[in-house]
Amino acid sequence: MKFIERELSWLDFNARVLAEAQKKDSPPLERLMFLAISASNLDEFFMVRVAYLVDESKNRTDRDQTGMTPQEKLDKVLQKAYNFQMRQVECLDEILAKLAEKKIKICAIEDLSDSQKEFARDLFYDEILPVLTPLAVDPARPFPFLLNQSLNIGVRMRDDAGENLYAVVQVPSILPRFIMIPVKTGRLFLPIERLIAHYLPEICNLHEIAAYGYFRITRSADFDADDDTDDLMEEMKRTIKRRRRGSPVRLQLSAGFDGELYNFLKKMLGVNKKFVVQASKILSMASLSKIASMEDLSHLRAKPILPVPAAEFLECDDIFARVRERDLMLHHPYESFNPVLDFIKAASVDPNVLAIKQTLYRVSGKSEVISALEQAAESGKQVTVLVELKARFDEENNIQWATRLERAGCHVIYGLTGLKTHCKITLVVRREPDGIRRYLHLSTGNYNDVTARLYTDIGMFTCRAMFGADASALFNHLTGFSRPPEYNKLIVAPENMKRFFLNKIDGEIKNAKKNLPSGISFKANSLLDYTVAQKLYEASKAGVPVKLLIRGICSLLPGVKGYSENIRVRSILGQFLEHSRIYAFENAGEPQVYLGSADLMPRNLDRRVEQLFPVDEPDLRERVLGILDLAWRDNVGAWELGPDSIYRKVEQKGARICSQRELSKLAALAYEQKKKELEHI
Amino acid sequence: MSKNKGKIISAVDIGSSSVQMHIAQWDGQRIVTLDQLEKPTHVGQEVFSTGHISFETVRSLSDILTGFCALSKEYDIARPIVMATTALREATNLAYVLDHFAVTNHVNVQVLEDGEASALLFEALKSRYPSAEKVLQVYGGTGTIDFALLQNGKVLFTQSIQTGMLKIAEVMRETSEFSRYSDLVVKEHLTKFLSHAGQIYKMLETDGIVYASADIAPLLKILNGFEINTGTDTLVVSKEEMQKIYGEYKRLTVDQIARRHKLDLAQSGNIYVTIVFLMLLLDSTGVNHLYCTQINLVNAALNLNLRQGARRAFNENMREGTVSSALKMAEHYRCDLKHAGHVAYLALILFDKLKKLHGLSRQQRLLLETACILHEAGSFTNTADMREASFDLIKNAQIYGLQSRMTLLIANIVAPQDILGIAQSDRRGGVLNQEDMIFVNKMHSILHLADAIDESHLGKARLLDVKQDGDQLLLTLRVTEDYALERYALIQSAALFQEVFGLKLDYIVKKAGRMEDK
């Protein structure tokens with residue numbers, strides 16, 4: 001069986017992100033945003049995945065299913081990442097040129113007028129110099145510890161004897177990355193490091209400055225908290241501290257970096273040259289997102305797709321009554337996230353609500369969800385919140401929320417030892433005249449109103465008894481009250497989700513062999529589990545048509561004769577990050593559709609608590625199948641993976657179909673129709 | 001609208017190998033389970049090996065109860081109903097354990113005897129199958145197998161055999177090196193126990209068999225081909241289907257069953273034994289199919305407390321079952337059933353009329369009734385010292401629906417009494433407390449009086465009226481024949497009655513047709 005290596009596949013995904021930045025007909029700030037995203041993605045890739053490969057290459061030499069050893073993977077990844085970064089630099093130059101045409105520039109000190117220089121000087125002395133601490137390096141003063149992702153200026157000086165002396169000036173991260181210089185028209189941005197560099201002779205005034213250069217360090221963040229601890233929160237805090245001090249996995253240098261300074265840094269940081277990248281004038285491209293997202297420059301971005309109010313929730317005074325009528329679905333960000341917030345808020349103030357339970361994985365900054373839960377607890381309801389402290393890079397946030405919720409009287413739990421809780425469920429227990437009824441929200445995405453405007457996700461509201469029973473059982477298991485139960489409707493990892501997928505695919509294989517209608521259509525963020533991939537190969541060989549919309553990593557190679565002729569793999573990129581997970585099976589002509597929190601990776605299927613839920617209501621099922629169909633017809637943001645493991649843009653034949661824009665139109669249409677209906681009533 | 005509609009409760013069973021809780025509500029027509037929880041423990045193992053429950057285990061159980069109580073609060077349930085059976089009951093430090101739960105968790109754990117537990121289970125089972133004239137309910141527990149024969153929903157007779165699925169599986173395992181015919185070993189073992197329970201074969205003259213146990217779910221899946229909703233559903237299995245399964249499985253080892261169905265060895269052993277047992281039941285009766293369902297104590301508690309009218313029906317059935325069980329025992333010991341019935345009739349009139357004087361409950365009335373039925377059981381073994389012999393027989397009897405403490409009280413009611421102040425010993429070597437003594441003496445004096453009214457065993461007298469006038473109790477009797485023997489007995493019993501109730505006994509005898517003085 002042939003499989004694509006994970007990290008290389010991811011780099012291909014990031015290349016597709018970069019391709020959005022390379023689109024010449026896109027507005028320049030739209031391109032800049034995608035460039036910033038590709039840089040941010042790459043930062044995290046180095047911190048986690050490259051760091052992992054570095055460790056693996058030290059400890060293992062065996063070959064995996066891709067046929068590569070860890071060292072071979074690392075070498076290929078570094079080479080590919082290097083080439084990628086060169087393309088990023090080229091792309092940036094192009095974008096900056098386009099921006100310059102619109103009078104938006106990132107400049108050097110030399111480009112400033114006298115009055116502008118004066119402004120910059122005043123700013124430097126008033127706000128920057130007080131927080132600068134140049135650090136000389138000599139036998140008495142060892143090389144300073146430089147924080148992960150910190151931007152620095154390396155300085156080589158010469159003493160009176162002509163000997164080299166070195167110093168490091170850390171660029172303060174609390175200050176804005178780009179200083180806005182006053183201009184009459186357009187915008188002028190001066191990178192802060194350039195302003196600092198201009199005043200180096202004053203900062204390092206004891207010796208002659210021979211050379212300087214900008215550099216940035218990326219450290220390993222591949223540390224996981226030890227689950228076997230009595231106090232997970234304290235352990236997480238320790239892990240976060242450790243993460244700031246991981247070994248360097250990348251050293252970025254500005255273009256034209258001084259050779260002696262480079263050798264000095266390499267030695268001090270203990271970095272091998274294959275981890276060094278020298279190219280860009282702007283290090284830390286992720287910070288370009290600050291410029292790209294400036295509100296008053298929206299004319300230089302693509303017209304945003306804005307969420308519309310959800311049709312099904314129009315003029316909804318009683319959300320519980322609405323859910324009692326039938327199951328309801330929301331598709332974000334096309335439809336507003338507000339009904340989800342309204343649901344939680346309504347539950348928090350409703351005197352008939354007895355208990356609220358929720359899983360929190362990544363929560364937004366000004367979270368209304370947290371406030372609602374606090375209010376609920378303070379008003380005497382039983383509130384149980386499962387906070388996943390180990391949500392990577394959100395640990396500090398989550399520690400904060402957990403502490404706040406506990407203080408408000410919520411019962412905060414951290415899930416099961418050894419498993420990350422990744423499922424997205426809200427359960428509300430309500431007393432009604434005819435007894436207890438449980439209301440559920442199940443989703444493919446997090447309870448985060450910020451990402452709900454940036455990621456595509458689908459959520460479902462229901463109050464059907466079996467779902468309620470399953471959700472209760474799941475929470476009882478997660479809170480440690482009970483051993484893993486048998487579920488009626490939900491499919492839960494790690495108990496039975498992998499087996500579910502394998503059984504379902506087997507079902508399609510059997511149908512194909514009996515000449516019954518068969519088919520598999522998945523939409524997920526990643527497909528990496530080799531067992532599932534192998535089963536899909538089997539399905540293809542049996543004649544089952546397999547259509548996979550995999551946004552990111554895909555280990556499966558489609559279209560290979562004798563293996564995967566019946567498999568097609570596409571990836572969609574656009575204004576929104578495709579995030580929803582949909583799993584559909586033809587099932588001999590009676591399609592079955594599932595939504596869930598899990599991608600098809602070993603971590604989802606084996607090491608996390610995830611949920612899949614069936615979409616039973618026929619009209620909702622049709623709606624989800626329609627989403628899949630539209631995504632498959634996308635010829636604007638879609639890429640198709642070939643048997644040569646190369647992604648190619650799907651050719652635009654006929655009408656232009658951007659699935660994200662089409663879905664937005666459908667949501668708007670539904671809203672308008674519903675509004676008219678209500679006006680007539 | 002059903003009065004209980006929307007009522008919600010939680011019930012906990014502290015069992016030998018796990019603590020279970022169900023939270024359920026009544027939707028007007030049926031019990032709907034909202035939550036089911038189960039936490040494994042090793043209480044049974046600890047008690048069976050050491051005889052007591054360690055404090056570490058007690059604290060662990062307490063933590064589980066804390067969690068369960070917190071979950072109950074989420075449904076606005078103030079406190080769950082908490083029960084326990086064998087594992088806790090057999091612990092020598094039971095009192096300390098219960099005290100810990102009462103103080104730490106604010107729960108009162110009801111420790112049920114086997115008879116009580118069976119009664120609850122059998123009552124709950126009734127809702128799981130269509131009603132029939134005569135039904136044999138069988139409950140396969142780990143330590144005992146309980147039988148109850150019902151006619152039109154009323155318990156006729158009950159019996160337990162002191163071997164359960166766990167024990168049988170152990171026997172099968174231990175004998176596997178001597179014989180490859182495990183099914184024969186199981187059958188022979190069961191038949192031995194069934195033969196001890198002499199009345200069992202009468203119970204097998206039945207129209208239908210319902211088999212239930214707490215852990216039958218894997219077997220139901222095998223019988224059905226796929227999972228059923230074990231909380232509420234019942235599977236109907238025909239004799240042919242059972243024969244087919246039996247034919248296939250009797251040749252398999254426990255390991256093979258475990259591998260085939262991805263179960264552990266304990267579950268597989270249970271399946272094997274149950275299949276053999278069910279086949280034995282079907283072969284021993286003329287029944288063509290049986291009903292199989294999963295039920296446990298928690299289901300039974302929910303049934304009792306949620307289903308409208310269930311408690312009243314249960315209490316009535318309990319009474320009838322207890323009386324029926326006592327009558328069967330009396331019949332077995334060749335008692336004069338007419339006399340026993342007549343004494344009971346008379347005693348209950350006296351009990352009811354004297355209620356303001358004795359202040360006793362309906363449950364205690366049942367104990368009196370049972371004592372009356374069995375008061376001469378001892379004549380079967382010892383006519384000279386009949387009352388002592390009756391005491392011994394009753395003390396060790398299993399009477400449907402009654403705890404052993406209740407049967408001990410009944411035995412004391414029947415036994416010869418010195419007048420007040422003399423305590424009887426219970427079978428654990430302790431003594432009855434003062435409250436029990438007072439109760440026993442009151443009931444004994446009523447029984448003695450009722451027995452005196454029918455001294456000749458000929459049913460001569462009907463008690464027309466009982467009236468209290470100051471310190472005198474006046475009985476109006478209608479008699480049909482010469483009443484001299486009874487008058488003599490009445491004089492003898494009057495003294496005891498006066499000592500207990502402080503009332504002088506007097507009576508008017510009305511001969512059928514005319515009044516006579518005493």
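**The contact between chain B and chain A**

Reader: How many salt bridges are there between chain B and chain A?
Author: In this predicted model, the count between the two chains is four salt bridges.

Reader: What makes the pair Asp35(B) and Arg438(A) a salt bridge?
Author: The closest N and O atoms of Asp35(B) and Arg438(A) are 4.0 Å apart. The cut-off for a side-chain nitrogen of Arg and a carboxyl oxygen of Asp is within 4 Å, and the pair is therefore counted as a salt bridge.

Reader: Which elements of chain B supply residues to the side that touches chain A?
Author: Strand 3 (31-40) and helix 2 (55-73) of chain B each supply at least two residues. The largest share, eight residues, comes from strand 3 of chain B. By class, this side of chain B has eight charged, seven nonpolar and five polar residues.

Reader: What area do chain B and chain A bury between them, and which three residues of chain B supply the most?
Author: The two chains bury about 1800 Å², 47% of it on carbon and sulfur atoms. Of the area that chain B buries against chain A, 30% is supplied by Glu38(B), Glu74(B) and Tyr75(B), more than any other three residues.

Reader: Where in chain B does the pLDDT stay under 50?
Author: One such stretch is residues 419-423 of chain B, for which the model has seven contacts beyond four places in sequence. Over residues 426-430 of chain B the pLDDT is also below 50. The mean pLDDT of chain B is 84, and 92% of its residues reach 70 or more.

How values were computed: Residues are numbered from 1 along each chain as its sequence is written. Chains are lettered from A and ligands numbered from 1 in the order in which they are written. This is a predicted model: local features need pLDDT of at least 70, side-chain atom pairs count only at pLDDT 80 or more; totals for chains, interfaces and linings use all residues. Side-chain values use heavy atoms; hydrogens and water are left out. Buried area is the accessible area (1.4 Å probe) that two parts lose on being put together, summed over both. Helices (H or I, at least four residues) and strands (E, at least two) are DSSP runs, numbered from the N terminus. Ala, Val, Leu, Ile, Met, Phe, Trp, Tyr, Cys and Pro count as nonpolar, Asp, Glu, Lys and Arg as charged, and the others, Gly among them, as polar. pLDDT is the predictor's confidence in each residue, from 0 to 100. Contact means heavy atoms within 4.5 Å.
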